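Trainee: Please take a close look at the surroundings of the ligand in this model, and set them in the context of the chain that forms them and of its partner chain.

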Amino acid sequence: MKTYKQTFAELKHPALIPFFVLGDPDFDSSFEIIKAAIDAGADILELGIAFSDPIADGPTIQKADIRALAGGMNIAKAKELIKKIKAYKDIPIGLLMYYNLIYQYGTEKFFADFAAAGVNSILIADLSIDDADEVSAPMKKAGLDTVFMITPNTEIERAKRIAEKCTGFIYTVSLLGVTGGRDQLSDMVRPLIARLKAITKVPICVGFGVSTPQHAKSLADAGADGVIIGSRIVKIIEDNLNDKKSIPAKIAEFIKQIKQAIQLN
Amino acid sequence: MKNNGRFGQFGGFYVPEVLIPALEEMEAAFYKFYKDPQFVADLDTLYNDYAGRPTPLYYATRFSELVGFKVYIKREDLLHGGAHKVNNCLGQGLLAKYMKKTKIIAETGAGQHGLATSMVGALFGMQTKIFMGSIDVERQSVNVHKMRLCGAEVISVTGGTCTLKDAINEALRYWTSNVADTFYMFGTACGPHPYPTIVKHFQSCIGTEARKQCLEKIGKLPDIVTACVGGGSNAIGIFSAFVNDKNVKLVGVEPAGKGIATGKHAAPLNAGKVGILHGTKMYLMQDSDGQILDTESISAGLDYPGVGPEHCLLRDNKRAEYVAVEDDAVLEIFDIFTKCEGILPALESSHSLAWVYSQKNKLPADTVVIVNLSGRGDKDVDIVERNKIK
Ligand SMILES: Cc1ncc(COP(=O)(O)O)c(C=O)c1O
């Protein structure tokens, strides 16, 4: 199974990391959309499992969660979809989700089962390093990499402690706020990348608000090791629900534009 | 954080990283000021002169005759704003002032916390935003109007079930974008640490007064103390003074809605499973995957799928007993109690009265029960009327 380490070592540009909610808008369409993203040049996938109360997400991803749940998505099907994706291509997958779903499944069993399905890491949006003890050991035991978030308001000493706990990459939040497309890249992100580069060698992948090829390019210029694009991509799904068959091609086109922008480095 | 905010396995602070600095700042400020003589004196003045503390402990003569034992009512309904919520809002508002914050946000269900926050926002001259589920905006329209009159902006939240849980989601989301200058005035003894501890502290005046008043009036402690449980703030406020009095039975009353068996209720201590939502580990209404379930209760203030972590511990270690009563019993007691005593109880508080009524003629005549009447029922008159017509 391809690791983050191999991926970051091979790439000559920042990793392109699209985000999708598994099963959005339904199981089969979701698989087609994600395949198209892979073929268009995604280097890593960041995948969400829909939750009823996503407090870290803005309207676009909230709606995607609702669509996926309405389309019958659940934990068992999410695992199945991940297996199908891995069978299509061995691409690293990070899950981004909320703690309650893991806790109900049984934390150890969840990590073991999803590692077996082909997941490389699980980032829990509502669990900070203060409670990392609850998850770090079982994650390690399951063979998962660890990923935690650092935000623009994280103090430097705390950032160091977080970086030490990340074996996969640091999910670097570009702004203060929830997920969602933004016109402008936050002016907090460049200084944040610089601060982190000075304290750690762990890859720095930037997400939240990253919306355009220009955003991706400036993050690449600022030294990001990966760009995570969520809401802007999920919005393409939302905007084309009346013609689901057209979505994969539209997503592919957008991902190619991003790829081009970050390859210009 | 100075402490991990645990009550046994419950509690904690399960929040996105971006909120950690704000919670740390709040915890630090709370421990810095809560015993500070100036802070204590300021809060006492506000409690006495603004809110109307202490509230009386009233012997409900006719209701006692009806049920066959002695019922004392802790009159939190007489407070400014009409509910216990003002205790917490004055405490947190003063804390916000000491922290030099100029903007406050809050979630609200029944609108009582939103109203108390709006009053305190006006009192301290702070810009106030209230998040409220769109269904609650409709069923508690009088409170919405009052909040706006106090100068608050009321934001109607349409996500999810359009009730309290969704209002909290949206308030948390707003807070993540505005953590630097905004104080989140959380309304109940739930949510991430340090809120359960802070809210309990500011509501503990209820129990402290009630215990003292009871000793003064009848020369002994009550046999039973009962309160309704939504997030758990009025209940923990009155329980806290009696927790160490081993012979005092504590009874928390949850909303059984249309009946526990129907699933249409909001009684996680009776029928939930341990899980994590809104920053805390607690009993929670959820499906087998861990998706949060819709809740249902006639009282907007109790319509929440979780419950404060300290109540979860009190349940597990059996120090308190948690029961549930259905909407029909609540509506019935609203009518009975009002006709008996000339006091309109909030539908929330009516839950604890309904439990007391269910004990009619079952307890010895000299049994002393204290009911925390957390709020007045003026806001509920329309709902009661509508449910009668059906
Ligand atoms: C009058 C009244 N009682 C009780 C509650 C429930 O809250 P808690 O359980 O925090 O006391 C509310 C909430 O809005 C309320 O308005």
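Mentor: A residue counts as buried here if 20 or more other C-beta atoms lie within 10 Å of its own, as exposed if there are 12 or fewer, and as partly exposed in between. By that criterion 55% of the 265 residues of chain A are buried. The model is predicted, and what follows should be read as a description of that model.

I start with the ligand. The shell around the ligand holds 21 residues, and those that come nearest are B:Gln112, B:Gly230, B:Ser233, B:Gly301 and B:Gly375. Sorted by class, this shell has 7 nonpolar, 13 polar and 1 charged residues. Three helices of chain B, namely H5, H10 (233-239) and H14 (347-358), each contribute at least two residues to the shell. H10(B) has the largest share, with 3 residues.

Which domains of chain B supply at least three residues each to this shell? Domain 1 (14-47 + 84-195) does, and so does domain 2 (52-82 + 204-386). Both domains are built from two segments of chain B in the domain assignment. Their centres, taken over C-alpha atoms, are 23 Å apart.

The two domains also touch each other. On the domain 1 side 31 residues of chain B take part, and they are in contact with 38 residues of domain 2 of chain B. Five helices of chain B give two or more residues to the domain 1 side: H4 (85-98), H5 (112-124), H6 (134-139), H7 (141-149) and H8 (164-177). The residues on this side divide into 14 nonpolar, 13 polar and 4 charged. H5(B) thus has a part in two settings, since it is listed for the side of domain 1 that touches domain 2 and also for the ligand shell.

H8(B) leads on to the partner chain. In the contact between the chains, 27 residues of chain B meet 28 residues of chain A. The elements of chain B that supply at least two residues each are strand S2 (10-14), helix H1 (20-33), H8 and strand S11 (273-277). H8(B) gives the most, with 6 residues. The chain B side divides into 13 nonpolar, 10 polar and 4 charged residues. H8(B) therefore plays a double role in contacts, as it also gives residues to the side of domain 1 that touches domain 2, although H8(B) is not among the helices listed for the ligand shell.

Elsewhere in chain B, helix H12 can be followed residue by residue. Of its 8 residues (309-316) 6 are buried, so H12(B) is largely enclosed by the rest of the structure. The buried ones are B:Pro309, B:Glu310, B:His311, B:Cys312, B:Leu314 and B:Arg315. After H12(B) comes B:Lys318, in the loop that leads to strand S13 (320-326) of chain B. Phi of B:Lys318 is near 65°, a positive value in a residue other than glycine. B:Lys318 counts as exposed because it has 7 C-beta neighbours inside 10 Å, and the limit for that class is 12 or fewer. One further backbone detail of chain B is a cis peptide bond from B:Arg53 to B:Pro54, with omega near -10°. B:Pro54 sits in the loop between helix H2 (37-51) and strand S3 (57-59) of chain B.

The partner, chain A, has 12 helices and 8 strands. Its radius of gyration is 17 Å, close to the 18 Å that the globule rule gives for 265 residues, so chain A is as compact as a globular protein of that length. Along its principal axes the C-alpha trace of chain A spans about 45 × 40 × 35 Å. Among its contacts with a separation of 6 or more, 75% are between residues 24 or more positions apart.

Chain A has backbone details of its own. A:Asp24 and A:Pro25 are joined by a cis peptide bond, with omega about 0°, and A:Pro25 lies in the loop between strand S1 (15-21) and helix H2 (27-39) of chain A. A:Phe208 has a positive phi, near 80°, and is a residue other than glycine. Its place is in the loop between strand S7 (204-207) and helix H10 (213-221) of chain A. A:Phe208 is buried because 28 other C-beta atoms lie within 10 Å, whereas B:Lys318, also with a positive phi, counts as exposed.

Definitions and conventions:
Residues numbered from 1 in each chain as written. Chains lettered and ligands numbered in written order. Predicted model: local features only at pLDDT ≥ 70, side-chain atom pairs only at ≥ 80, totals over all residues. Domains from an automatic or database assignment. Contact = placed C-beta atoms within 7 Å. Helix = DSSP H or I, 4+ residues; strand = E, 2+ residues; numbered from the N terminus. Nonpolar A, V, L, I, M, F, W, Y, C, P; charged D, E, K, R; others polar. Rg over C-alpha atoms; globule rule 2.2 N^0.38 Å. Near = placed C-beta within 6 Å.
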